[in-house]
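Subject: Structure handover

Hi,

Here is the structure I promised to pass on to you. Have a look at it first, and then read on for what turned up.

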Amino acid sequence: MDQHEDDGGRERDGGTEPVRTNPRATNPFRNGIDRRRVLQSSAAVGAATTLSGCLSDTSGQRAPTVYVFNNGDRTLSIIDADTDELLETVFIGTTASFPANQYGTGVDSEYDTLWLNVSGGVKAIDQHTLDEVASIDTGFGPNYPNLTPTEEYLLVAAGGTTTIDPEPDEPTDHVLVRIDADRESDTFGEVTGEIPVGYTGPCDVTFEPSGEYGFVADIANETLTVVRVDPFEIAARVDIGDPTGDGHVLPFMCTASFDGDRLLVENGEGGLGSDPDIPRRGSESIWDTSDPEAPTELERITRDDGLSAPTITSEVDPETEAAYLFTPGIDAVTVIDLEERAVDRELDIGGRATSGAWAPSREKLYVPVQTANHVAVIDRDRREVLTTIDTGESPTGAVGGMVRPETTTTQRLQSSLATLGLSVGDREPTFCPDDNCYCG
């Protein structure tokens, strides 16, 4: 892999310009529409026009479900998390690469809202109807949201960047935004707090289990920010420290463990902006966050330690035994043993992925594979891929939940037409193109 494939950029005027699309992603319409797709979609269109209710017998009921957002055709694939069957794929006109999902997805959760990162802000859709119920403009294209464990607030890191030095016309005051996420509140969907953070490049938000503290990776500032949720304020800022080699550390995404003791931080690790000749190698940091206001880095896993490619995001299993790293530079998910603090194995998922989500029981991890148009299902206990499930085009983000949407014939018909590559309905612009987007 050459330097520019490795760091996701291309040369421009002696520097590096971020590329937010995956050049390896498959375009099913590149060579025209093949007969198999026409037959499949035609059958689906015929079925959709004859059905007035949802295809699932459990529509409208509570049942373990995984929602997969297909960036390529703006559809949503609905998966039964017990049987690992695709229930249906419906057109929703929008998408999300990193929907807020860490805590509001458990089997005991009554939460019924999906929060999406969209171009210029975030949007909430109702899990029952898939209708929009809130839309918030942050003023920035990139937005990285997460729901607090209390399901009371949504925090958004807005303005994440991949350059150390801002362009002349680029905003130099990024912001952390707190939004009322309680559907029963009179101020649901309203901004209840903002923290201007300067040109830090806030790229991700994750929470320890009490919901009192959140962690934000700042790529341009090269810090880890600890945010107190209520009152909404910065509790601490920790310098990430020197890289293991030449260049910058570039922390850009992070995931806290469910027990609150560990934090995984993805680092670009290498050159950026003023260092175009230094490749980004990537590294993964393991932090001790048992004292959330004083996080301490325990280990930094690099290429020399067996990391095959730069990591984009991660998920930590509920027992804090393993972390699963999504590395679009290879067709695999990298597993880190958190007790050994070392690479354990790589799981072949049949293509490239940038994110994943736990099912409500947190026994299985669902990984949208953009370049294969399927979801890989990973068993937590065995640390192996159980199966794959077909989805729509370029599946990118996923989130778990306990509601089976009551979909409509129109949504299913539009999905069938979108599968053929036809323009149907309103396709909301997204900061993330058809393939992927990530701050790093």
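Where does P231 lie? P231 sits in the loop between β15 (223-228) and β16 (233-239). I start there because the peptide bond from D230 to P231 is cis, with omega near 5 degrees. Most peptide bonds are trans, and most residues other than glycine have a negative phi. Please keep in mind throughout that this is a predicted model.

**Backbone angles in the loops**

A few residues take a positive phi. For L130, phi is near 65 degrees, and this residue is not a glycine. L130 belongs to the loop between β7 and β8, and with a relative accessible area of 7% it is buried. N373, also not a glycine, has a positive phi of about 55 degrees. Its loop is the one between β26 (364-369) and β27 (374-379). N373 has a relative accessible area of 17%, and since buried means under 20%, it counts as buried. D84 takes a positive phi near 60 degrees in the hairpin of β4 and β5, where 4 residues lie between the strands. The two strands of that hairpin, β4 (residues 75-80) and β5 (residues 85-91), pair in the antiparallel sense over 6 bridges. One of the residue pairs there is I79 with L86 in β5.

**The sheet around β7**

The loop of L130 joins two strands of an open sheet: 3 strands in the order β6-β7-β8, with antiparallel pairing. At the edges stand β6 (113-118) and β8 (132-137); each has a single partner strand, so one side of each is left without a neighbour in the sheet. Neighbouring strands here are turned by 15 degrees against each other on average, direction ignored. Between β7 (residues 121-126) and β8 there are 5 bridges, in the antiparallel sense. A124 is found in β7, and its bridge partner in β8 is A134. A124 is buried, at a relative accessible area of 0%. From A124 to S135 the C-alpha to C-alpha distance is 6.3 Å, with their positions 11 residues apart in sequence.

**The sheet of β21 to β24, and an aromatic pair**

A second open sheet has 4 strands in the order β21-β22-β23-β24, again with antiparallel pairing. Its edge strands are β21 and β24 (342-348), each of which pairs on one side only. The twist from one strand to the next averages 25 degrees. Inside this sheet, β22 and β23 (residues 332-337) pair over 6 bridges in the antiparallel sense, and L325 has T334 in β23 as its bridge partner.

The count of aromatic pairs comes to 3. How are the rings of Y324 and W358 arranged? Their centres are 6.0 Å apart and their planes are at 80 degrees; planes over 60 degrees apart count as edge-to-face, so this pair is edge-to-face. The pair links distant parts of the chain, 34 residues apart, with Y324 in β22 (residues 322-327) and W358 in β25 (residues 357-358). Y324 is buried at 0% relative accessibility, and W358 is buried too, with a relative accessible area of 4%.

**An enclosed strand**

Strand β19 (residues 283-288) is largely enclosed by the rest of the structure, because 5 of its 6 residues are buried. β19 runs antiparallel to β18 (residues 262-267), and 6 bridges join the two. In this pairing, V265 has S285 in β19 as its bridge partner. β19 also pairs with β20 (residues 296-301), in the antiparallel sense over 5 bridges. There, W287 stands opposite E297 in β20.

**Cavities**

How many cavities of 30 Å³ or more are there? The count comes to 5. The largest cavity holds about 260 Å³ of space. Its lining is made of 21 residues, and F98, P99, N101, D204 and E315 lie nearest its centre. By type, the lining divides into 8 nonpolar, 11 polar and 2 charged residues. At least two lining residues come from each of β9 (143-147), β13 (202-207), β17 (251-256), β21 (313-316) and β29 (395-403). Among these, β21 is also an edge strand of the sheet of 4 strands described above.

Happy browsing, and write back with any questions!

Best wishes

Conventions: Residues are numbered from 1 along each chain as its sequence is written. This is a predicted model: local features need pLDDT of at least 70, side-chain atom pairs count only at pLDDT 80 or more; totals for chains, interfaces and linings use all residues. Side-chain values use heavy atoms; hydrogens and water are left out. On a 1 Å grid over the protein atoms alone, a cavity is a set of points where a 1.4 Å probe fits but cannot get out, and a pocket is an open set with protein on both sides within 12 Å along at least five of seven lines; lining residues have an atom within 4 Å of a point. Grid points are joined across faces, edges and corners, and a volume is the space filled by probe spheres set on the points. Ala, Val, Leu, Ile, Met, Phe, Trp, Tyr, Cys and Pro count as nonpolar, Asp, Glu, Lys and Arg as charged, and the others, Gly among them, as polar. Two strands pair if DSSP finds at least two bridges between them. Axes are lines fitted to C-alpha atoms, for helices over the stretch in contact, and angles run from 0 to 180 degrees between N-to-C directions. Rings of Phe, Tyr and Trp (its six-membered ring) pair if their centres lie within 6.5 Å; planes under 30 degrees apart count as stacked, over 60 as edge-to-face and the rest as tilted. Buried means under 20% relative accessible area, exposed over 50%, partly exposed in between (1.4 Å probe, protein chains only).
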